[in-house]
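Please look over the model shown here, beginning with the course of the chain and then turning to its interior and to one of its ligands.

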Amino acid sequence: MVLEDYRHIIMECVSCGLCQSNCPIYKQTTLESNSAKDKMTILFALLRGWLDWSELTERLYECTTCRNCQTTCLSGLDIAGVVEAARAELVERGYGDPVSDKIAENLRTKSDM
Ligand code: SF4
Ligand code: SF4
């Protein structure tokens, strides 16, 4: 799973902002960059080469993948799917979230207990 496979969804977002009011992370932080709308803008910039993967870890992990934005979006865009693909590629590139990495390691090593 790589982000490039989801390029069509990123390009389809029209930045209308309808999804913002339904995003629990945006409501909690009131940071535009945590909304689905701005995540698509950030990932568009990444695909254009204006941002680097190393700059995106915090923003991409600030999403519960609840899919509330998809139910609000008039185009039904699967933003959580895009975020999941971007996270997978972040990990492959060595920029995964350290806390998530630790939890995954603990699950692997302690699952026999
Ligand atoms: S999937 Fe992520 S961006 Fe969409 S509403 Fe849930 S927390 Fe917000
Ligand atoms: S994800 Fe959908 S609702 Fe949200 S800004 Fe993009 S087009 Fe609008």
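The paragraphs that follow go from the overall fold to the nonpolar core and then to the surroundings of ligand 2.

This is a predicted model, in which local features need pLDDT of at least 70 and side-chain atom pairs count only at pLDDT 80 or more, while totals for chains, interfaces and linings use all residues. Residues are numbered from 1 along each chain as its sequence is written, and chains are lettered from A and ligands numbered from 1 in the order in which they are written.

The chain has seven helices and zero strands, where helices (H or I, at least four residues) and strands (E, at least two) are DSSP runs numbered from the N terminus. Along its principal axes, the C-alpha trace spans about 50 × 30 × 20 Å. Of the 113 residues, 24% are buried, that is, have 20 or more other C-beta atoms, placed from the backbone, within 10 Å of their own.

The largest nonpolar core (a set of buried Ala, Val, Leu, Ile, Met, Phe, Trp, Tyr and Cys residues joined through C-beta atoms within 7 Å) has 20 residues, of which Ile79 and Val82 touch the most other members. Helix H3 (36–47) and helix H6 (79–92) are the elements that give two or more residues to this core, and the largest share, five residues, comes from H6.

Around ligand 2 there are 16 residues, of which Cys13, Cys16, Cys19, Lys37 and Cys73 come nearest; a residue is near a molecule if its C-beta atom, placed from the backbone, lies within 6 Å of it. H3 and helix H5 (68–72) each supply at least two residues of this shell, with the largest share, three residues, coming from H3.

Conventions. Buried ≥ 20, exposed ≤ 12 C-beta atoms within 10 Å, placed from the backbone.
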